[in-house]
Amino acid sequence: MNYKFLVYSFLFAMGSFAFFKFHKWWLNVRKEKKGAFYKPDTNLKAFQNWIIIIGFAIASIVYFFKAIG
């Protein structure tokens, strides 16, 4: 087992979870201050955040399989 890749896998998983929590907090702040933000910009940024979260999750899975193999 390659422990370096296993550590990378756990770091990407923690990064994905932390970014997800940050994204949820960011959306709540945006909802509280409805008039201050432009809605299409919020939707675009939310889409970009989900791309990052999914990318971190996929990287975590890839590094996990590299650690096993």
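This report walks through the overall build of one chain and then looks at some of its aromatic side chains.

**The whole chain**

Keep in mind that this is a predicted model. The chain contains two helices and zero strands. With 69 residues, the globule rule would give a radius of gyration of 11 Å, but the chain comes out at 16 Å, so it is more spread out than a compact globule. You can see that in the box its C-alpha atoms fill, roughly 55 × 15 × 10 Å along the principal axes.

How much of the chain is buried? Just 19% of the 69 residues are. The accessible surface adds up to about 5300 Å², and carbon and sulfur atoms account for 71% of that. Now take the contacts between residues at least 6 apart in sequence: 73% of them join residues at least 24 apart.

**A nonpolar patch**

On the surface, Met-1, Tyr-3, Ile-61, Phe-64, Phe-65 and Ile-68 come together as a nonpolar patch. Together these residues offer about 690 Å² of accessible area. Which helix gives the largest share of the patch? That's helix H2, residues 39–68, with four residues. Phe-65 is a residue of helix H2, and its relative accessibility is 55%; the cut-off for exposed is over 50%, so Phe-65 counts as exposed.

**Aromatic rings**

The structure holds nine aromatic pairs. Two of them are set out here:

| Aromatic pair | Centre to centre | Angle between planes | Kind |
|---|---|---|---|
| Phe-19 and Phe-22 | 6.2 Å | 50° | tilted |
| Phe-22 and Trp-25 | 5.7 Å | 35° | tilted |

Phe-22 has a part in the pair with Phe-19 and also in the pair with Trp-25. Where do these residues sit? Phe-19 and Phe-22 are both in helix H1, which covers residues 3–32, and they're three residues apart, about one turn of the helix. Phe-22 and Trp-25 are likewise three residues apart in helix H1, again about one turn.

Are these three side chains buried or exposed? Phe-19 has a relative accessible area of 21%, so it is partly exposed. Phe-22 is partly exposed too, at 41%. Trp-25 reaches 51% relative accessibility and therefore counts as exposed.

There's also a bigger gathering of rings to look for: Phe-5, Tyr-8, Phe-12, Phe-56 and Tyr-63 form one aromatic cluster.

How values were computed:
Residues numbered from 1 in each chain as written. Predicted model: local features only at pLDDT ≥ 70, side-chain atom pairs only at ≥ 80, totals over all residues. Heavy atoms only, no water. Rg over C-alpha atoms; globule rule 2.2 N^0.38 Å. Buried < 20%, exposed > 50% of the residue type's maximum accessible area, 1.4 Å probe, protein only. Contact = heavy atoms within 4.5 Å. Areas by Shrake-Rupley, 256 points an atom, 1.4 Å probe, with all protein chains shown as cover. Patch = residues over 30% accessible without salt bridge, like charges linked within 9 Å, V, L, I, M, F, W, Y side chains within 5 Å. Salt bridge = Lys/Arg side-chain N within 4 Å of Asp/Glu carboxyl O. Phe/Tyr/Trp six-rings, centres within 6.5 Å; stacked < 30°, edge-to-face > 60°.
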